[in-house]
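Biologist: Before I rely on any of the terms used for this protein, I would like to see how each one is justified.
Modeller: Then let us look at the model together and take the terms one at a time.

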Amino acid sequence: MKTRFTEAFGIEAPIMQGGMQWVGRAELVAAVANAGALGCITALTQPTPEALAAEIARARELTDKPFGVNLTILPSINPPPYAEYREAIIESGVKIVETAGSNPKEHLEHFGPAGVKVIHKATSVRHAVKAQSLGVDAVSIDGFECAGHPGEDDVPGLILIPAAAAALEIPFIASGGIADGRGLVAALALGADGVNMGTRWMATAESPIHRRIKEEIVAHDERSTNLIFRPFRNSARVVKNGVSDEVLRIQGEGGQFEDVRELVSGKRGATVYETGDPEAGIWWAGQSQGLVGDIPSCAELVERMLAEAAEIVGRRLPSLLADG
Ligand SMILES: Cc1cc2nc3c(=O)[nH]c(=O)nc-3n(C[C@H](O)[C@H](O)[C@H](O)COP(=O)(O)O)c2cc1C
């Protein structure tokens, strides 16, 4: 399937695996790349820029297809050394970066001259248009359904995607709530050039998380998320469990970030993926859990999505028009 997105980034399928803290490691990214889609190593999962360079080298041993790196730029009291991570990406020779979290301007000034193409992920049309004006090569527009940070506007994909299509000139992909070929066709119909997924990739054979967590996702439905941190204007869609329920209770009673800091620690969340205990901390997955029914390999998943999309576009939809 060819779109402006596959053409711009030299990939076969218009499907991306965006930044995934703790999960976006070499084995998943290489499997996504080998399946013909665009995988991204999550830079900040690696403790240092040197470790990121080593992880990129590890992915290169597993695939000769193109892949990218996600650089998530979040406001922080003690920010990671973003410039050093950026330099590690440029020096590694990776030519595709997904930026997310805040304005990528400072980084674009370095990636552009180094020949690195940038896909900026935004949760609103105005931020997507801003990124376009800064010169990014593509945009990923992340709807309210998504795992992670959906922003504060609460606009779902069915509105956000066509609104973005009307406002953007550069290629863009739809993100949030997409997990199968139907979602891919819907995104294309709404004007996108492809899709980005997070949750769906978690439940694949190559995703480097505990099997029990993949099975949890399969067992969950579309209601299995909590939207936490709304009072702190940093909304986050996470899996509904005892820990995120407790966060909602505390913030609902007027608690501040300090009151939930221990509950939401990233270190604690990482033990979920390592030990397979879904109650060990906060972990990320979106409403699309309700669409995930098995744990295929990445190659099977991409093949199935493309076949399903071809069936819908080639047979089901034309058949609606057939006899007038
Ligand atoms: C486990 C997990 C970790 C994520 N970590 C990040 C991250 O570090 N940076 C980022 O930009 N997006 C992150 N995301 C968001 C995804 O890149 C993607 O935008 C989102 O999952 C799309 O929604 P979906 O889950 O419905 O497919 C994460 C998603 C998941 C499921």
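**Terms and the values behind them**

Modeller: Helix H6 passes helix H7 in a right-handed crossing, and I should say at once that this is a predicted model.

Biologist: What makes this a crossing of two helices, and at what angle do the axes of H6 and H7 cross?

Modeller: The axes of H6, residues 125-134, and H7, residues 157-167, come within 10 Å and cross at roughly 35°. The contact itself is made by Val-125, Val-129 and Gln-132 on the H6 side, and by Leu-160, Ala-163, Ala-164 and Ala-167 on the H7 side.

Biologist: How many residues of the contact of H6 with H7 are nonpolar, polar or charged?

Modeller: The contact of H6 with H7 has six nonpolar residues, one polar residue and no charged ones. Gln-132 is among the contact residues, and Gln counts as polar because it is outside both the nonpolar and the charged lists.

Biologist: Why are strands E4 and E5 called paired?

Modeller: Pairing requires at least two bridges, and strand E4 (residues 96-100) and strand E5 (residues 117-122) have five, in the parallel sense, so the two strands pair. One of the bridge partners is Ile-119 in E5, which is matched with Glu-98.

Biologist: In what order do the eight strands close into a barrel?

Modeller: The order is E1-E2-E3-E4-E5-E6-E7-E8, with parallel pairing, and neighbouring strands of this sheet are turned by 25° against each other on average, direction ignored. H7 lies across strand E6 (138-142) and strand E7 (172-175), and runs at about 170° to E7.

Biologist: Which residues are closest to the centre of the second largest pocket?

Modeller: They are Glu-145, Leu-158, Gly-176, Gly-177 and Ile-178, out of 15 lining residues, and the pocket holds about 250 Å³ of space. H7 and helix H8 (181-189) are the elements that give two or more residues to this lining, which by class has seven nonpolar, six polar and two charged residues.

Biologist: Where does Ile-295 lie, and which residues does Ile-295 touch?

Modeller: Ile-295 lies in the loop between helix H13 (266-275) and helix H14 (298-321). Not counting residues up to four places away in sequence, Ile-295 touches residues including Arg-200, Ala-203 and Val-218.

Methods:
Residues numbered from 1 in each chain as written. Predicted model: local features only at pLDDT ≥ 70, side-chain atom pairs only at ≥ 80, totals over all residues. Heavy atoms only, no water. Axes fitted to C-alpha atoms, helices over the stretch in contact; angles between N-to-C directions. Helix = DSSP H or I, 4+ residues; strand = E, 2+ residues; numbered from the N terminus. Left-handed = near helix turned anticlockwise from the far one by under 90°. Contact = heavy atoms within 4.5 Å. 1 Å grid on protein atoms, 1.4 Å probe; cavity = no way out; pocket = protein on both sides within 12 Å on 5 of 7 lines; lining within 4 Å. Points joined across faces, edges and corners; volume = space filled by probe spheres on them.
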